[in-house]
Amino acid sequence: MPRSDEASAFFYAVYSAVQEIPPGKVTSYGHIAKLIGTPQRPRQVGVCLKHLPSDPEARFNNATVPWQRVINSRGIISPRSQPSGSRNQAAALEAEGVTVTTGPLGELMVNLAEFGWFPRILPSEEAEGLEPEDSSDDDED
DNA sequence: CAGTTGACCCCCG
DNA sequence: GCGGGGGCCAACT
């Protein structure tokens with residue numbers, strides 16, 4: 001649990017943003033951080049998910065927040081302390097129809113070109129011309 | 001109470 | 001494309 005109200009607000013912002021990820025899609029910690037207006041703290045996003053309550057009575061819990069849809073920027077399920085955790089995340093994604101492949105080193109990878117979720121980008125980024133899609137020609141969807 | 005850790009990311013050679 | 005380094009900050013030792 002967060003020790004301050006400010007931290008709690010951040011936690012809630014993260015959980016709310018994660019809930020916006022549609023089933024069958026994945027996004028990155030950094031993307032979530034950007035969405036809630038704190039692009040400098042992708043790490044804290046991971047902290048929030050790590051401390052996601054299992055208590056069904058909680059406002060946000062591991063059943064109502066699709067934590068499994070958040071992976072790292074490289075399209076790989078971030079390894080954590082317990083290997084069973086990342087493996088469990090992979091299983092949860094597979095259950096949603098997301099194909100998870102295992103790399104040569106045992107990394108659990110997701111094809112971002114197919115399962116990546118990038119519809120919500122900050123207006124400032126669009127102004128910078130950093131749009132994720134190109135109208136001229138594209139090869140995915 | 002000072003120092004580490006970590007479900008991360010981006011910049012620079 | 002790979003390795004090093006900096007930044008971020010709650011939780012933990």
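This report describes a predicted model of a protein chain with DNA, covering confidence, the DNA surface, the aromatic residues and several single residues.

## Basis and confidence

Residues are numbered from 1 along each chain as its sequence is written, while chains are lettered from A and ligands numbered from 1 in the order in which they are written. Because the model is predicted, local features need pLDDT of at least 70 and side-chain atom pairs count only at pLDDT 80 or more, whereas totals for chains, interfaces and linings use all residues; side-chain values use heavy atoms, with hydrogens and water left out.

The predictor's confidence in each residue, pLDDT, runs from 0 to 100, and its average over chain A is 84, with 79% of the residues scoring at least 70. Helices (DSSP runs of H or I, at least four residues) and strands (E, at least two) are numbered from the N terminus. In chain A the highest confidence belongs to strand 2, at a mean of 96, and the lowest to helix 6 (residues 123-127), at 43. Over residues 121-141 pLDDT stays under 50, and for this stretch the model has 10 contacts beyond four places in sequence, a contact being heavy atoms within 4.5 Å.

## The surface near DNA strand B

A residue is near a strand if one of its heavy atoms lies within 4 Å of it. There are 17 residues around DNA strand B, of which Arg43, Leu49, Lys50, Ser73 and Ser78 come nearest. On the DNA side, sugar and phosphate make up 49% of the atoms of strand B that come within 4 Å of the protein. Helix 2 and helix 3 each supply at least two residues of this surface, and helix 3 gives the most, with 6 residues. By class, the surface holds 5 nonpolar, 9 polar and 3 charged residues, where Ala, Val, Leu, Ile, Met, Phe, Trp, Tyr, Cys and Pro count as nonpolar, Asp, Glu, Lys and Arg as charged, and the others, Gly among them, as polar.

Individual atom pairs can also be named. An N or O atom in the side chain of arginine 43 is 2.7 Å from a base nitrogen of DNA strand B, and a backbone N or O atom of lysine 50 lies 2.9 Å from a base nitrogen of that strand. For serine 73, a polar backbone atom is 2.9 Å from a phosphate oxygen of DNA strand B.

## Aromatic residues

Rings of Phe, Tyr and Trp (its six-membered ring) pair if their centres lie within 6.5 Å, with planes under 30 degrees apart counted as stacked, over 60 as edge-to-face and the rest as tilted. A search of the whole structure finds 3 aromatic pairs. Phenylalanine 11 and tyrosine 15 are an edge-to-face pair because their planes stand at 85°, with the ring centres 6.1 Å apart. Both residues lie in helix 1, 4 residues apart, about one turn of the helix.

Tyrosine 12 and phenylalanine 60 form a tilted pair, 5.3 Å centre to centre with 45° between the planes. This pair links distant parts of the chain, since tyrosine 12 is in helix 1 and phenylalanine 60 is in the loop between helix 3 and strand 2, 48 residues apart. Phe11, Tyr12, Tyr15 and Phe60 form one aromatic cluster.

## Buried and exposed residues

Buried means under 20% relative accessible area, exposed over 50%, and partly exposed in between (1.4 Å probe, protein chains only). Within the aromatic cluster, phenylalanine 11 and tyrosine 15 are both buried, phenylalanine 60 is buried at 9%, and tyrosine 12 is partly exposed at 35%. Valine 18, in helix 1 (residues 5-19), is buried at 0%; leaving aside neighbours within four places in sequence, valine 18 is in contact with Ile32, Leu49, Val65, Pro66, Trp67 and Val70.

Glutamine 68, in the loop between helix 3 and strand 2 (70-71), is buried at 10%. The side chains of glutamine 68 and glutamate 96 are joined by a polar contact of 3.0 Å (a pair of N or O atoms within 3.5 Å; within protein, one must be able to donate a hydrogen and the other to accept it, and residues adjacent in sequence count only if both atoms are side-chain atoms). Arginine 87, in helix 4 (residues 83-95), is exposed at 51%, and beyond its neighbours within four places in sequence arginine 87 is in contact with Arg80 and Leu108.
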